[in-house]
Amino acid sequence: MRAAQHTRESLVSGDYVMTADDFAQIAGTLKEMSGIVLSDGKVALAYSRLAKRLRLLGLASFRDYCALIDSPEGSDELQAMLAALTTNVTRFFREPHHFDTLHEITTRELAPKARAGDRVRLWSAACSNGQEPYSMAISLLSALPDAASHDVRLLATDIDPHMVEEARAGIYRNELLNPVPAQARQQFFQRFDDDHLTARTSLRELIRFNVLNLIGAWPMKHKFDVIFCRNVVIYFDEATQERIWARFAHMLQPGGYLMIGHSERVSGPAERHFDTIGLTTYQRRAA
Ligand SMILES: C[S@@+](CC[C@H](N)C(=O)[O-])C[C@H]1O[C@@H](n2cnc3c(N)ncnc32)[C@H](O)[C@@H]1O
C-alpha cells in the first residue's frame, strides 16, 4: 500500500504530476529508441523539457503523456520527446585538434588516394545541426581543394530528423561562424540575410545528409577512411558504447581514423582494433 502511494507522488513540484513510474516509462522508451540513458539525476531536466510538450498538447499529467507515447497515435510525439530530451550542443571547429589532424591526414593520405582515383569516405556520425560536418569539409577542402572532382564524399547523420534538416539547410547565425577562420568563412559561406550566413555549394556538394540511429541498422555499403563520432556515446551505457566501438572498427578501412569526444574513450573488445595516435584520436589497426 505504501509503495503504491509512493508511485503516485510527483517527483518534481510543478504544474504536472510526474510519478516515478512515469519517469521510468519515459526513460525506458528513450533508451529503447536511442540508447540514451536518462539517469535519476535528470528527473528535473526531463520534467522541465517535457512540461512544454504537455502544455502544447493540452495534457493534464505525465500519466496522460505516457499513455500517448505508448499508443499507435503517439509516434510523432515520440520524435518530439526524443528531440526534447537530446542535447544538440555543437560548434564549428569544436575540439579543434581533430580538424588539424584531419587536415594532416588529408594532405598525407586522402588527397593522394583521391587523386589516384580511389574512393574516399568520411562520416560525421552524430552531426547535430551540421557545424561538425561543415567544419570537416572545410578541413578537407583546405588540403584537397578539388575534392569535388574526385570520388570524395562526407556522410553526415543524426537520429533527429529536425537536426538533419537544419544541417542540410546550412544556415547559421553570423556569430556562430566566429570559430571559422576568416578566409574560410569568406570562401565557403555567403550572406543569407542580415543575421545569417549560409554554406556555399562548394561546401555542400561534398556532404550527404541522412537520418541514422547509431543503435539501429547502418545501411552504408562502403567502409570509411575517417569517422567523427563525438559527444554522443557519452549518453549511452557501457555495453552500448562497446557495441558501437566494435561497429566502427568494422566500418573503418584498415589504417582509418576515429575521432571521439573529449570525455569519451574506446573500451571493450574493440580496443584491440585501435591504436591511440593523439588526443581522443584512434587509428584502425590493419588486422
Ligand atoms: C551533443 S550533440 C554532438 C554533436 C557533434 N558531434 C559535436 O560533437 O559537436 C549529440 C547529437 O547526437 C545525436 N544523437 C543522440 N542519440 C543518437 C543516436 N542513437 N544515433 C544518432 N545520433 C544520436 C543527437 O540528436 C545530437 O544531435
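Trainee: What makes the pair formed by a polar side-chain atom of E132 and a nitrogen atom of the ligand a polar contact?

Mentor: This is a predicted model, mind you. In it, the E132 side-chain atom lies 2.9 Å from the ligand nitrogen. The cut-off for two N or O atoms is 3.5 Å, so the pair counts.

Trainee: Which backbone atoms pair with a nitrogen atom of the ligand?

Mentor: A backbone N or O atom of R230 sits 2.9 Å from a ligand nitrogen, and a polar backbone atom of I159 is 3.3 Å from one. Both values fall within 3.5 Å, so both are polar contacts too.

Trainee: How do you know how much of the ligand the protein covers?

Mentor: On its own the ligand has 600 Å² of accessible area, and the protein covers 99% of that. The space it takes is the largest pocket.

Trainee: What makes up the shell around the ligand, by class?

Mentor: You get 8 nonpolar, 7 polar and 5 charged residues. Of the 20 residues there, S34, T90, A126, D158 and N231 come nearest.

Trainee: Why are domain 1 and domain 2 said to be in contact?

Mentor: Heavy atoms within 4.5 Å make a contact, and 10 residues of domain 1 meet that with 8 residues of domain 2. The C-alpha centres of the two domains lie 33 Å apart. The assignment gives 2-85 for domain 1 and 97-284 for domain 2.

Conventions
Residues numbered from 1 in each chain as written. Predicted model: local features only at pLDDT ≥ 70, side-chain atom pairs only at ≥ 80, totals over all residues. Heavy atoms only, no water. Near = heavy atom within 4 Å. Polar contact = N/O pair within 3.5 Å; in protein donor to acceptor, adjacent residues only side chain to side chain. Areas by Shrake-Rupley, 256 points an atom, 1.4 Å probe, with all protein chains shown as cover. 1 Å grid on protein atoms, 1.4 Å probe; cavity = no way out; pocket = protein on both sides within 12 Å on 5 of 7 lines; lining within 4 Å. Sits in = over half its atoms within 2 Å of the grid points. Nonpolar A, V, L, I, M, F, W, Y, C, P; charged D, E, K, R; others polar. Domains from an automatic or database assignment.
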